[in-house]
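Me: I've got a protein–RNA model open and I'd like to learn how to read it feature by feature. Could you walk me through it?

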Amino acid sequence: MRLSKSFINTLRETPKDAITPSHQLMLRAGLVRQSASGLYTYLPFGLRAIQKAINIVREEMDKADALELSLSILQPASLWKKSGRWEQYGKEMMRLQDRKDNFLCIGPTHEEMITDLISQTVRSYKQLPITLYQIKSKFRDEIRPRFGMIRCREFTMKDAYSFDVDEQGLEESYQKMYETYKKIFSRCGLDFEIVEADPGLMGGNFSHEFIAPSQNGEDTIIKCAKCSYRANLEMAECLPAKVSVAGGKNEEIRELNTPGIKTVEELNKSLKIPVSEMIKTLIFEIDNKKFVAALVRGDHEVNPAKLKRLLATNILEMASAEQIEKVTGAPVGFSGPIGLKEIKIVCDSSILSEQAYLCGANKKDKHLTGVNPGKDFSADITADIRYIIEEDSCPKCGDEISFTKGIELGHIFKLGTKYSVPLQAKFIGKDNKENPIIMGCYGIGIDRIIAVAIEQNHDKDGVIFPTALAPYQVLILPTNYKDEILKKKADEIYNTLIESSVEVLIDDRDETTGVKFKDAHLLGIPLIVVLGRNFIEKGEIELEVRGKEKEIIKEKGIVNKILAHLKT
RNA sequence: CGGGGUGUGGCUUAGCUUGGUUAGAGCGCUACGUUCGGGACGUAGAGGUCGGUGGUUCGAAUCCACUCACCCCGACCA
């Protein structure tokens with residue numbers, strides 16, 4: 001492509017709304033333009049990069065025997081009502097009505113559609129296993145789109161769904177995708193971690209996330225320094241406390257006056273008791289009807305995802321101030337486990353029965369000290385219900401852990417029969433019995449591949465595309481295209497590379513050399529071939545590997561040298 | 001939805017506190033000329049409902065009210 005004929009839209013200055021490097025550079029390099037919050041237009045160069053990512057994903061999915069199809073973007077409400085998600089899915093799902101007043105949604109995901117398709121087409125175990133996938137736009141009316149392409153409302157997703165006859169089959173399908181994802185992100189040249197994750201609304205006990213470490217990530221992951229343990233914050237297991245705290249089993253309960261002192265920090269300040277020797281009591285409402293009290297140490301936080309899983313509920317919310325007063329008999333800030341009636345007490349496993357703690361008295365302006373769990377109250381359930389903190393150690397090997405931020409590139413789930421049962425996707429087995437199909441689902445955020453590639457590969461001058469994702473591989477830069485010698489040689493190299501099927505650009509614009517260099521670096525094309533005065537004087541051509549070294553090459557060897565670079 | 005912030009040609013912005021000429025600038029854009037190895041120089045141009053609506057006033061980019069959009073921090077997720 002000749003730059004004089006292409007559509008490049010580089011910006012000299014950074015648009016003020018863009019904060020993260022990938023967002024700034026994608027705008028500056030003219031890869032995308034924003035049309036509204038969370039909505040972007042891909043310009044030609046950006047689209048080429050996206051197509052590169054799509055092709056890699058498609059190739060690897062096909063190698064894994066997955067089959068591509070395309071489900072309609074608009075989906076009938078009836079299917080979502082069958083799975084129950086018409087009600088469960090919140091405002092992220094864009095709902096609309098057609099001229100006949102039928103309700104539809106713009107697909108935020110496609111489990112219902114694909115399961116319905118399978119229910120109509122699969123009859124026998126002989127048709128299984130099968131994995132189907134598509135690569136297309138999804139729409140989620142996100143609460144808060146941000147970071148440019150990292151969280152948009154309309155985005156391109158590869159979503160795959162596996163269908164098996166049993167758990168073992170699912171395990172194999174899942175494992176296949178796990179390996180496929182590793183290949184995909186490696187081929188894209190990305191740095192990533194695989195972590196255990198909470199499946200949330202999707203169902204299942206655990207899942208895996210593929211996370212690109214980045215300061216601008218929205219997820220927090222936990223890494224063990226020694227072993228291979230990786231988990232996201234929601235999922236990371238906490239070992240029961242090993243820290244020994246002061247106070248003993250036989251302390252007597254004493255009531256303290258604590259007027260207006262509601263938080264652990266305030267209690268710590270006025271009573272000089274370490275926060276780790278306090279119990280925080282939080283009241284949650286589950287399924288919009290029942291209440292539970294969750295107890296964690298003062299220096300810990302309740303992890304709602306763990307609590308949800310433990311209580312097997314999807315709806316868990318903090319109780320309101322009025323509800324707390326009704327349930328505990330005291331205003332917010334004075335709740336405690338002693339004297340709670342008819343509500344389940346869930347105690348975190350880091351609260352030790354042989355220690356004495358400070359906690360709320362369920363009376364206004366009163367707290368209790370010397371409270372021994374086990375002796376003075378009993379929990380209905382004791383389990384791991386808190387977030388891991390940096391002082392914790394690795395749940396697998398006990399070594400140090402660290403926290404890292406990251407961007408979620410992909411997520412693989414085991415769905416089981418969550419959708420196949422309500423949507424009646426069944427098969428007849430060898431034993432002539434009818435059973436629900438066992439499902440898995442596997443997503444990749446395509447736009448995020450590009451955003452992450454840029455987050456991870458850029459410098460002060462612009463993007464440094466990994467070769468696999470670059471919109472073009474080579475940029476030929478004659479410093480002055482009006483110079484006959486330079487023009488002739490540049491065209492010659494350009495034509496030769498085109499004949500070799502190399503994706504090549506030539507900067508034939510009537511721009512100053514400085515502009516050409518700046519654009520070349522901003523665009524991030526991996527190989528820049530500079531033809532300038534050194535060529536005229538000495539027959540030397542400069543080959544710049546974007547972000548790395550520059551080489552001086554004699555005229556004759558240039559094409560082979562370029563081709564050699566592209567192979568590595 | 002809660003908290004914070006910003007809206008002035010394509011981009012970055014001055015002016016707003018303390019209302020008063022044709023709303024300035026840099027970059028970009030157009031034409032011509034000189035340049036041509038690091039966003040060059042000269043000359044001449046084009047481009048603006050000052051986010052919108054209503055109000056106060058002789059007079060509003062500037063003050064007031066409402067509203068819209070966008071960004072950032074928290075709850076959602078690829």
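Me: Let's begin with the surface near RNA strand B. How do its residues divide into nonpolar, polar and charged?

Reply: Keep in mind as we go that this is a predicted model. To read a surface like this, sort its residues by chemical class. Near RNA strand B there are 17 nonpolar, 14 polar and 23 charged residues.

Me: Which residues come nearest to RNA strand B?

Reply: Out of 54 residues around RNA strand B, the nearest are Arg 12, Asp 17, Glu 142, Ile 143 and Arg 144.

Me: And which element gives the most to that surface?

Reply: Here you map the residues back onto helices and strands. α12 gives the most, with 8 residues. At least two residues each come from β1 (32–36), β8 (154–164), β21 (401–416), α12 (513–523) and α13 (533–538).

Me: What parts of RNA strand B do the atoms within 4 Å of the protein belong to?

Reply: Split them into backbone and base. Sugar or phosphate accounts for 51% of those atoms of RNA strand B, and bases for the rest. Individual polar contacts then show you both kinds. On the base side, the side chain of Glu 142 has an N or O atom 2.5 Å from a base oxygen, and the side chain of His 521 has one 2.9 Å from a base nitrogen. On the phosphate side, a polar side-chain atom of His 411 sits 3.2 Å from a phosphate oxygen.

Me: Next, sheets. In what order do the strands of the open sheet run?

Reply: The general idea is that strands of a sheet pair through backbone hydrogen bonds, either parallel or antiparallel. In this case 3 strands are ordered β13-β19-β18, with antiparallel pairing. β13 (254–257) and β18 (357–360) are the edge strands; each has a single partner, so one side of each lacks a neighbour in the sheet. From one strand to the next, the twist averages 30°.

Me: How many bridges join β13 to β19?

Reply: There are 4 bridges between β13 and β19 (residues 366–371). For one pair to click on, take Asn 257, whose bridge partner in β19 is Lys 366.

Me: Now cysteines. Why is there no bond between Cys 227 and Cys 394?

Reply: Check the sulfur–sulfur distance against the cut-off, which is 2.5 Å. The sulfur of Cys 394 is the closest cysteine sulfur to that of Cys 227, but at 3.6 Å it is too far for a bond. Cys 238 isn't in a disulfide either, as its nearest cysteine sulfur, again that of Cys 394, is 12 Å away. The total is 0 disulfides. As for accessibility, Cys 227 is partly exposed at 22%, whereas Cys 238 is buried at 8%.

Me: Where is the cis peptide bond?

Reply: Look at omega for this one. The cis bond joins Leu 128 and Pro 129, with omega about -5°. Pro 129 lies in the loop between α5 and β7. Ser 124 is also placed between α5 (111–121) and β7 (130–139). Ser 124 counts as buried at 19% relative accessibility, and a polar atom of its side chain is 2.8 Å from the backbone nitrogen of Lys 126.

Me: Last one: is Lys 272, with its positive phi, buried or exposed?

Reply: Read phi first, then accessibility. Lys 272 isn't a glycine, yet its phi is about 60°. Lys 272 sits in the loop between α7 (264–271) and β14 (279–286) and is exposed, at 68% relative accessible area. Glu 342 also has a positive phi, near 60°. Glu 342 is in the loop between α9 (321–328) and β17 (344–348), and is exposed at 85%.

Terms used
Residues numbered from 1 in each chain as written. Chains lettered and ligands numbered in written order. Predicted model: local features only at pLDDT ≥ 70, side-chain atom pairs only at ≥ 80, totals over all residues. Heavy atoms only, no water. Near = heavy atom within 4 Å. Polar contact = N/O pair within 3.5 Å; in protein donor to acceptor, adjacent residues only side chain to side chain. Nonpolar A, V, L, I, M, F, W, Y, C, P; charged D, E, K, R; others polar. Pairing = 2+ DSSP bridges. Axes fitted to C-alpha atoms, helices over the stretch in contact; angles between N-to-C directions. Buried < 20%, exposed > 50% of the residue type's maximum accessible area, 1.4 Å probe, protein only.
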